[in-house]
Amino acid sequence: MSDNNMEQTIKDIKAKFNKDYFPFNLGIEIVELAAGFAQVKFTVTKEMQNLHGMAHGGAIFTLADTALGLAANTRGKAVGLQVSINYIRPAKPQTVLIATAEEEQLTRSTGIYNVTVATEAGKKVALFRGVVFRSN
Ligand SMILES: CC(C)(COP(=O)(O)OP(=O)(O)OC[C@H]1O[C@@H](n2cnc3c(N)ncnc32)[C@H](O)[C@@H]1OP(=O)(O)O)[C@@H](O)C(=O)NCCC(=O)NCCSC(=O)Cc1ccccc1
C-alpha cells in the first residue's frame, strides 16, 4: 500500500469509528493510528465494575480487542481469529487505561499483534495477543 493510500485508509477508519458502536459507546477513543499500530483509551467507569469493585475483565478485553481491530484494519479488511489475554493487575474505577497494539508479523492472510493495556503512569494491567484473518 502506498503512503497516500495508507493515509486515506487511516482517515476512513477514524471517520467510521463512531459506527463501531460497542467500543464507541464504552467511551473508547482513538489516541493514535498508524500502519499496523493503534493506541486507544477509556476511563474505567462504575458501570464497568465487577463484583470486586475493579474493572470487569470484559471491559479490559474490549479495550485491547479494539486496539487490535484498528491496527489490523490499517492493512485492509481483517477480523479477529484467535486472541488471548492475561490480566496482570486490577484496575480501579476512574483509572484511565491505554491499549497499544503493535504488529509483530503479517502474512498474505494473517496478522499477529501484541497489545499492552496500561495505566497512564505506565503500570501494565493486561497483556493481549491476537491473530487476525486478512480477507483482501
Ligand atoms: C491476583 C493476580 C491474578 C495475581 O497476582 P499475584 O501473582 O499474587 O502477584 P502480585 O502480588 O505481584 O500482584 C500483582 C499486582 O496485582 C495486585 N493485586 C494482587 N491481588 C490483588 C487484590 N486482591 N486486590 C487488588 N490488587 C491486587 C498487586 O497489588 C500488584 O499490583 P501492584 O504492583 O501493587 O500495582 C493479579 O495479577 C491480578 O489481580 N490480576 C488482575 C485480575 C483482574 O483484574 N481480572 C479481571 C477482572 S475478573 C472479572 O471481571 C470477571 C471474572 C471474575 C471471576 C472469575 C473470572 C472472571
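**Entry 1: β5 and its neighbours**

I started in the middle of the sheet, where β5 and strand β6 (residues 124-134) run antiparallel and are joined by 9 bridges. Worth noting up front: this is a predicted model.

I looked up a few bridge partners along that pair. Tyr-113 is partnered with Gly-130 in β6, and Gly-111 has Val-132 as its bridge partner in β6. Then I checked the connection: β5 and β6 make a hairpin with 4 residues between them. Gly-122 sits in that turn with a positive phi of about 90°.

Next I went to the other flank of β5. Strand β4 (residues 96-106) runs antiparallel to β5 (residues 110-119), again with 9 bridges. That pair is a hairpin too, with 3 residues between the strands. I picked out Ala-99 here, and it stands opposite Val-117 in β5.

**Entry 2: the whole sheet**

In what order do the strands of the open sheet come? I read off β1-β2-β4-β5-β6-β3, which makes 6 strands with antiparallel pairing. β1 (29-34) and β3 (78-87) are at the edges with a single partner strand each, so each has one side without a neighbour in the sheet. I also pulled the twist, which averages 20° from one strand to the next.

A reminder to myself for reading side chains off these strands: in a regular strand they alternate between the two faces of the sheet.

**Entry 3: the ligand**

Which residues surround the ligand? I listed Asn-50, Ala-55, His-56, Gly-57, Tyr-87, Ile-88, Arg-89, Pro-90 and Lys-123. Sorted by type, the shell comes out as 4 nonpolar, 3 polar and 2 charged residues.

I then went through the polar contacts. On the side-chain front, an N or O atom of Asn-50 is 3.1 Å from an oxygen atom of the ligand. Lys-123 also uses its side chain, with a polar atom 2.9 Å from a ligand oxygen. Tyr-87 works through its backbone instead: a polar atom there is 3.1 Å from a nitrogen atom of the ligand. How much of the ligand does the protein cover? I get 35% of the 1,100 Å² of accessible area that the ligand has on its own.

Tyr-87 ties this entry to the previous one, since edge strand β3 covers 78-87.

**Entry 4: the annotation**

Last, I checked the record. UniProt lists residues 52-125 under "domain: Thioesterase", in an unreviewed entry. I looked at that span in the model: 23% is helix and 45% is strand. The C-alpha atoms at its two ends lie 16 Å apart.

Definitions and conventions:
Residues numbered from 1 in each chain as written. Predicted model: local features only at pLDDT ≥ 70, side-chain atom pairs only at ≥ 80, totals over all residues. Heavy atoms only, no water. Near = heavy atom within 4 Å. Polar contact = N/O pair within 3.5 Å; in protein donor to acceptor, adjacent residues only side chain to side chain. Areas by Shrake-Rupley, 256 points an atom, 1.4 Å probe, with all protein chains shown as cover. Nonpolar A, V, L, I, M, F, W, Y, C, P; charged D, E, K, R; others polar. Pairing = 2+ DSSP bridges. Axes fitted to C-alpha atoms, helices over the stretch in contact; angles between N-to-C directions. UniProt positions renumbered as here; feature names shortened; annotations may be inferred.
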